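Please work through the exercises below with the sequence and the model at hand, trying each task before reading its solution.

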Amino acid sequence: MTGKGVEWLAPIEASTRRFLATVETLPEDAIAGDSLIPPWTRGHVITHVCRASDSLVRLLTWARTGVETPQHASMAARAAEIEAGAARPVAEQAADVAASAERFAAAVHALTDDAWERQVRPRTGELRTPETLVPMWLRELEIHHVDLNAGYSFSDIPWSAARWILDDIADALVRRESGKPALLLRATDSDFHRDLTGDRGATVEIVGTQADLLGWLSGRVSAEASGLRAGRADAVPTAPTWI
């Protein structure tokens, strides 16, 4: 097993433990409580994380075998899976988190040298090799841990994970063909600095910590509550819609 994606396994395992610990401590009636991404409940978010892991396993299997395997059978099937598991009790949700994490780790360990170089296409349309597929799982764990609305915040996301996720979101915005805002993004606590040339309005510089930028860019934190500041006399705009 080679490939730079292997380096993400340790932070992914740590992130999984944190996510699982939060799930295990939820009261039973909290499963139906509001998440940060309505209309999903916490149960929807947890189930989505588990099924997202399985969807990445399918992409890693595609990379390993060379046999095209879609990330999801369809978006309708994806939604049905999430809805079907949303109301499960805490113990069942937690067991699913642990089992799906084990399947993901096994899929990474099974990758051959050739597989690490093979490009596959996730549902968002871009081509990726396992090197960037693997940290996508870290992105899912960290962002959706915050979405549980159970005490974990964007400032709790480890620095290196937040740094990668910011670049991944910025890359997704660059891939858009139209309707892109013109943004200059700069973190005050890292070297993150991205110039996103867009086709909507004049360029607005947005400055803040990685945590503040991530909360805003992911659409979870409003411009007013983000702690960000805009350059010149500009106000912090509404964040562009993410994936």
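The exercises go from the overall fold to one helix and then to a surface patch.

This is a predicted model, in which local features need pLDDT of at least 70, side-chain atom pairs count only at pLDDT 80 or more, and totals for chains, interfaces and linings use all residues. Residues are numbered from 1 along each chain as its sequence is written, and side-chain values use heavy atoms, with hydrogens and water left out.

**Exercise 1.** Determine how many helices and strands the protein has, and in which pattern they follow one another.

Solution. Step one is to count DSSP runs, where helices (H or I) need at least four residues and strands (E) at least two, numbered from the N terminus; the protein comes to 8 helices and 4 strands. Step two is to read along the sequence, which gives α-α-α-α-α-α-α-β-β-β-α-β.

**Exercise 2.** Explain why helix H8 can be called largely enclosed.

Solution. Begin with the cut-offs: buried means under 20% relative accessible area, exposed over 50%, and partly exposed in between (1.4 Å probe, protein chains only). Helix H8 covers residues 210-217, and 7 of its 8 residues are buried, so the rest of the structure largely encloses it. Those buried residues are Gln210, Ala211, Leu213, Leu214, Gly215, Trp216 and Leu217. Just after H8, glycine 219 takes a positive phi of about 80 degrees.

**Exercise 3.** Decide whether aspartate 113 is buried, partly exposed or exposed, and place this residue in the secondary structure.

Solution. With a relative accessible area of 48%, aspartate 113 is partly exposed. As for its place, aspartate 113 lies in helix H5.
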